[in-house]
Amino acid sequence: MSPFEELYQEIVMDHYRRPRNKASLDHIPREMAHENPTCGDSIKLEVVVGTDDTVQSVRFDGKGCAISTASASLMTENVIGLTVAEARTYAGSFIRALRGEEPVEILDGMGDLAAFKGIASFPVRVKCATLAWHALLLSLPSASEEG
Ligand code: ZN
């Protein structure tokens, strides 16, 4: 394994073992959970958007493999503080890069998310890595709901 791959693996394992912004979201009904049946990953998301249209907090709950959990943890860290529009763009770029619809190299400009670069070649794992981001896109207020 190259030093880069080792570093990336460390990032994923760190966020898996100590997920950031993970909380008990028992008040959110089970039916609201986002699922990745291929792997058994399940995630609930609670997004708080301020009156200034910035993402104030994102918390997640659920169970899943190391990749889905680490990706959810990193997602929360990366989108808090962004505007809703920025968060949408950010999530879209991440998902498209992993799906091979955009050059995977754009992940290099996304900090620790570069840890997921190697996953782009594994479609089953891509579903794990993008679950939280799809959940985010579905949880952000849509333009029509804004003032
Ligand atoms: Zn998974």
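Buried means under 20% relative accessible area, exposed over 50%, and partly exposed in between, computed with a 1.4 Å probe on protein chains only.

1. This is a predicted model, in which local features need pLDDT of at least 70 and side-chain atom pairs count only at pLDDT 80 or more, while totals for chains, interfaces and linings use all residues. Residues are numbered from 1 along each chain as its sequence is written, and side-chain values use heavy atoms, with hydrogens and water left out.

2. The zinc ion is coordinated at 2.2 to 2.7 Å by the SG atoms of Cys39, Cys65 and Cys128, together with Asp41, which is listed twice through OD. Donors here are N, O and S atoms within 2.8 Å of the metal (3.2 Å for Na, K and Ca), and water is not among the atoms, so the site may look incomplete. Along the sequence, the donor residues follow the spacing C-x1-D-x23-C-x62-C.

3. Asp41 and Cys65 link distant parts of the chain, being 24 residues apart, with Asp41 in strand 2 (residues 41-49) and Cys65 in the loop between strand 3 (55-63) and helix 2 (66-79). Helices (H or I, at least four residues) and strands (E, at least two) are DSSP runs, numbered from the N terminus. Both Asp41 and Cys65 are buried.

4. Most residues other than glycine have a negative phi. Asn21, although not a glycine, has a positive phi of about 60 degrees; Asn21 is found in the loop between helix 1 (3-17) and strand 1 (34-36), and counts as partly exposed because its relative accessibility is 32%.

5. Asp53, also a residue other than glycine, has a positive phi near 70 degrees. Asp53 lies in the loop between strand 2 and strand 3, and its 27% relative accessibility means that Asp53 counts as partly exposed.
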